[in-house]
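Trainee: I would like a close look at one part of this protein, with its surroundings filled in afterwards. Please keep to what the coordinates show.

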Amino acid sequence: MNPTPARVSGGLPTLPRRPAGGHKGTFGRVAIVGGSVGFSGAVCLSSLAALRTGSGLVTAVVPAAIQAIVAVSEPCVMTVGLADGEQGLLPVSAARVQQISAGRDAVAVGPGLGQGDAQLGLVSHFLQLCECPLVLDADALNVAATGRLLTAVQRPGVGRTVVVT
């Protein structure tokens, strides 16, 4: 069976045909980094949007306290828990950020992330170390603005893409 491209009215482009031998690993690997206690919905919806727009493997990277909530929201989304404590997300090392972004086709940071020193460090590490296209959204933008990281967003390094939403 050959998949037929989706047609959208209004002159929008059609979706490309997917190869018959394709599998979920063929269609893009995305990490969505965000969420916090009381704000798990943002990362759940962002992960679902990544799936619905064609990403094959979507991983929600969230504080451990909400990992179970995110995991049951959509069984097709994989989850990774980040260390957290009573005050929320604990600082995340540069090595952990590199591990999260390794092998990804894109990383989005921010939905429901919260704002604080640990989040500032996380966003800063992603801006410095992420080698794939990077999307900053929601709280990541607020943290970047507060921490004066926006010059890094405005002038990404060679070969890097940063999308500000």
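Mentor: S40 lies in helix α1, which covers residues 40-52. The model is a predicted one, and in it S40 has a relative accessible area of 15%, under the 20% cut-off, so S40 counts as buried. Setting aside residues up to four places away in sequence, S40 touches I66, I69 and V70.

Around that residue, the protein has six helices and eight strands. Read from the N terminus, the elements follow the order β-α-β-α-β-β-β-α-β-α-β-α-α-β. Of the 165 residues, 38% are buried. Taking contacts in the protein between residues at least 6 apart in sequence, 63% join residues at least 24 apart.

One such long-range neighbourhood can be followed from G28, in the segment before β1. With a relative accessibility of 14%, G28 falls under the 20% limit and therefore counts as buried. The C-alpha atoms of G28 and L57 are 6.3 Å apart, although 29 residues separate the two in sequence. Apart from neighbours within four places in sequence, G28 is in contact with S55, G56, L57 and D105. L57 also appears in the strand pairing: it is the bridge partner, in β2, of R29. Strand β1 (residues 29-33) pairs with β2 in the parallel sense, and five bridges link them. Strand β2 spans residues 57-63 and is mostly covered, with seven of its seven residues buried.

Further along the chain is helix α4, residues 117-129. The length of this helix can be checked against its residue count. With 13 residues at 1.5 Å a residue, α4 should span 18 Å, and its end C-alpha atoms are 18 Å apart, so the two values agree. The buried residues of α4 are A118, Q119, L122, V123, S124, F126 and L127. A general point helps in reading such a list: an α-helix has 3.6 residues a turn, so residues three or four places apart point the same way.

Helix α4 meets helix α5, which runs over residues 139-146. Their axes come within 9 Å and cross at roughly 95°. Angles from 65 to 115 degrees count as roughly perpendicular, and α4 and α5 are therefore roughly perpendicular to each other. On the α4 side the contact is made by Q119, L120 and V123, and on the α5 side by A140, V143 and A144. These contact residues divide into five nonpolar, one polar and no charged. Q119 and V123 of α4 take part in the contact and are also on the list of buried residues. In α5, the buried residues are D139, A140, L141, V143 and A144; A140, V143 and A144 are the ones that also make the contact with α4.

The two flanks of α5 can be taken together. Before the helix, A138 sits in the loop between β7 (134-136) and α5. A138 is not a glycine, yet has a positive phi of about 50°. Its relative accessibility is 34%, between the 20% and 50% cut-offs, so A138 counts as partly exposed. After the helix comes R148, whose phi is also positive, near 55°.

Definitions and conventions:
Residues are numbered from 1 along each chain as its sequence is written. This is a predicted model: local features need pLDDT of at least 70, side-chain atom pairs count only at pLDDT 80 or more; totals for chains, interfaces and linings use all residues. Side-chain values use heavy atoms; hydrogens and water are left out. Helices (H or I, at least four residues) and strands (E, at least two) are DSSP runs, numbered from the N terminus. The expected span of a helix is 1.5 Å times one less than its number of residues. Buried means under 20% relative accessible area, exposed over 50%, partly exposed in between (1.4 Å probe, protein chains only). Axes are lines fitted to C-alpha atoms, for helices over the stretch in contact, and angles run from 0 to 180 degrees between N-to-C directions. Angles under 35 degrees count as roughly parallel, over 145 as roughly antiparallel, 65 to 115 as roughly perpendicular and the rest as oblique. Contact means heavy atoms within 4.5 Å. Ala, Val, Leu, Ile, Met, Phe, Trp, Tyr, Cys and Pro count as nonpolar, Asp, Glu, Lys and Arg as charged, and the others, Gly among them, as polar. Two strands pair if DSSP finds at least two bridges between them.
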